[in-house]
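Q: Pick one spot in this structure and give me a close look at how it packs, then work outward from there to the rest. No need to be formal about it.

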There are 2 protein chains.
Amino acid sequence: MKIDHDAKSDLSAQIAKAIRDAIMSGDLLVDERLPSEAELSEQFDVSRPTVREALKRLGAQSLIRTQRGATGGAFVNRLRFEDAYGQQITTSTLLLSMNDVSFATACEARYALERACAPLAAERRTADHLATMRAEAHRQSQPGLTDEAFCTSDVAFHRALVDAAANPVISYQLAGAVEAMQPLMNMITFTARSRERIVALHTQIADAVEAHDGAAAENLLIQLAAYTLELAQSVIDARNAARATD
Amino acid sequence: MKIDHDAKSDLSAQIAKAIRDAIMSGDLLVDERLPSEAELSEQFDVSRPTVREALKRLGAQSLIRTQRGATGGAFVNRLRFEDAYGQQITTSTLLLSMNDVSFATACEARYALERACAPLAAERRTADHLATMRAEAHRQSQPGLTDEAFCTSDVAFHRALVDAAANPVISYQLAGAVEAMQPLMNMITFTARSRERIVALHTQIADAVEAHDGAAAENLLIQLAAYTLELAQSVIDARNAARATD
DNA sequence: GCCAATCATATGTCAGACGTTTAATTGTCT
DNA sequence: AGACAATTAAACGTCTGACATATGATTGGC
């Protein structure tokens, strides 16, 4: 392996890229051990700190893991869905908060994608998924629940719905779309009446999924999306009105 | 800011987490400059290389960018959708290849999610999107195209369809689902007849999207999903048969 | 008043060292 | 011979101090 020392610096980035490419192309297999830091620094003809910076980069993406001790070193990591969830959620959340994504846009994306897995969820839902969905719907009907707790439960409900589709790839992709909405949802103040409406829809969705009725679930999600959007719009209108009288 | 020096090592991970939390909580705003490495090393009471490892971790996630020179330093990065695409694709691709995800599972996820944006795409498609879709469909009909080039064009076609939904959040989420399929698709050998069928469906999809007929597009995607699955199954069957006669 | 040389600052990189963790090896005792 | 304890070696984790390089700001001369 070689590195371009004349390119204007950022050797650690080049090294990270070289190793990442080796992993993605299959030259390095899962659980295979990389050379030690000392060996890598010799191979790439750079110092050990530079190699370490490169390895930290890869570690941040969960591409490698490191282990101390005699048989330690850096190993190609088997990227698990659970590990990827966290990164996906972090990235999605920041994307929304840093790019002035409107509530409407994020909401549309979330419900469009969620609707896609309604038929699969209706087909494959287990008792576990149903129980989670009903438990969260029940929690949402408790009086005295803070808005934040209501949102958290809402996210849990929808994740159960997504997971019911029993497709890990879908669960992974939607983790970001569902969870990243939470900060946006937290801006909404839920009145008793709006909560009642949402809980009713959640309950109906659980019913539809239990009855293996994907079309009904899809339809209810459309209603829920419209209602959520309506709530958000009223918050925005109220804020604009308040600003006008300032 | 403080760090637990007694926790069994991995100081750089702790520092990275502290800074990441500060960014996500809004304590550090976009384009805000972090203290210099020397200052950070003093604040956290660690050496500069340790601080640097932490910063590289954050850089790998595109949370910060660094700049050399007098007014340089580390800045909170505005995470852009385009930057996130790459990471999303890398992660998705590795997830599929490292977790024995079956072709059927990945295919189901991709088409389920893609179907979700068919109505939006049909509603909002621009001339640009249509032109791209038709150009790719035409390319796919060229004889002498390698299987790999065929797959690349297939991905481009579907990305155009997704982008036509004009929702950056959807485009981001589906970038992974669509692109990560390519390595799996590359295992398929496309006969002249199967290509013909796929191109016909692609053309019909473009027609439906042009006619603002979301339902028709959805229906065609279902057919395309079924056909793709059928092709993959025949490859698997052929392979099993070959193994049986070995 | 403008332009060029200088300076200050901050990141990028290096060399060498020491501490710590961990597994394998070795050695001793029963 | 076998089990347990001490030693050793390999590797990562961290620190110190230094030099190289990029780049904006300052200063000085014309």
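A: Bear in mind that this is a predicted model. The spot to start with is in chain A, where α6(A) passes α10(A) in a left-handed crossing. α6(A) covers residues 127-140 and α10(A) covers residues 192-210. Their axes are 9 Å apart, and the packing angle is about 165°. With angles over 145 degrees counted as roughly antiparallel, that makes α6(A) roughly antiparallel to α10(A).

What makes the contact on each side? From α6(A) come Leu130(A), Met133(A), Arg134(A), Ala137(A) and Gln140(A). On the α10(A) side you'll find Arg195(A), Ile198(A), Val199(A), His202(A), Thr203(A), Ala206(A), Val209(A) and Glu210(A). Sorted by class, this contact of α6(A) with α10(A) has seven nonpolar, three polar and three charged residues.

Now follow α10(A) to its other partner here, α11(A), which runs over residues 214-244. Here, too, the angle is about 165° and the axes are 9 Å apart. These two helices are therefore roughly antiparallel to each other, and their crossing is left-handed. α10(A) brings Ser194(A), Arg197(A), Leu201(A), Gln204(A), Ile205(A), Ala208(A) and Val209(A) to the meeting. Facing them in α11(A) are Ala216(A), Ala217(A), Leu220(A), Leu221(A), Gln223(A), Leu224(A), Tyr227(A) and Leu231(A). The class count for this one is eleven nonpolar, three polar and one charged. Val209(A) is worth clicking on, as it is listed both in the contact with α6(A) and in the contact with α11(A).

Stepping back to the whole chain, chain A has eleven helices and two strands. Along the sequence, three helices come before the two strands, and the rest of the pattern is helices. The C-alpha trace spans about 70 × 50 × 30 Å along its principal axes. The radius of gyration of chain A is 24 Å, where a compact globule of 246 residues would have one near 18 Å.

Next, the partner chain. The contact takes 40 residues from chain A and 39 from chain B. On the chain B side, the elements giving two or more residues are α1, α3, α4, α5 and α8. α5(B) supplies the largest share there, ten residues. By class, that side of chain B has 22 nonpolar, ten polar and seven charged residues.

One helix pair across this contact deserves its own look. α4(A), residues 81-98, and α4(B) have axes that come within 11 Å and cross at roughly 170°. That makes α4(A) roughly antiparallel to α4(B). Phe81(A), Ala84(A), Gln87(A), Thr91(A) and Leu95(A) meet Phe81(B), Ala84(B), Gln87(B), Thr91(B) and Leu95(B). Those residues divide into six nonpolar, four polar and no charged.

Finally, the DNA. Which residues are closest to strand C? Leu11(A), Val46(A), Thr50(A), Gly69(A) and Ala70(A) are the closest of the 25 residues that surround DNA strand C. Elements giving two or more residues to this surface are α1 and α3 of chain A, together with α2, α3 and β2 of chain B. The class split near strand C is eight nonpolar, eleven polar and six charged.

DNA strand D has 26 residues around it, and the closest are Leu11(B), Ser47(B), Thr50(B), Gly69(B) and Ala70(B). Here α2, α3 and β2 of chain A and α1 and α3 of chain B each supply at least two residues. α3(B) gives the most, with three. By class, the surface near strand D comes to eight nonpolar, eleven polar and seven charged residues.

Technical notes
Residues are numbered from 1 along each chain as its sequence is written. Chains are lettered from A and ligands numbered from 1 in the order in which they are written. This is a predicted model: local features need pLDDT of at least 70, side-chain atom pairs count only at pLDDT 80 or more; totals for chains, interfaces and linings use all residues. A residue is near a molecule or strand if its C-beta atom, placed from the backbone, lies within 6 Å of it. Helices (H or I, at least four residues) and strands (E, at least two) are DSSP runs, numbered from the N terminus. Ala, Val, Leu, Ile, Met, Phe, Trp, Tyr, Cys and Pro count as nonpolar, Asp, Glu, Lys and Arg as charged, and the others, Gly among them, as polar. Axes are lines fitted to C-alpha atoms, for helices over the stretch in contact, and angles run from 0 to 180 degrees between N-to-C directions. Angles under 35 degrees count as roughly parallel, over 145 as roughly antiparallel, 65 to 115 as roughly perpendicular and the rest as oblique. A crossing is left-handed if the near helix is turned anticlockwise from the far one by less than a right angle, and right-handed if clockwise. Two residues are in contact if their C-beta atoms, placed from the backbone, lie within 7 Å. The radius of gyration is taken over C-alpha atoms; the globule rule is 2.2 Å times the number of residues to the power 0.38.
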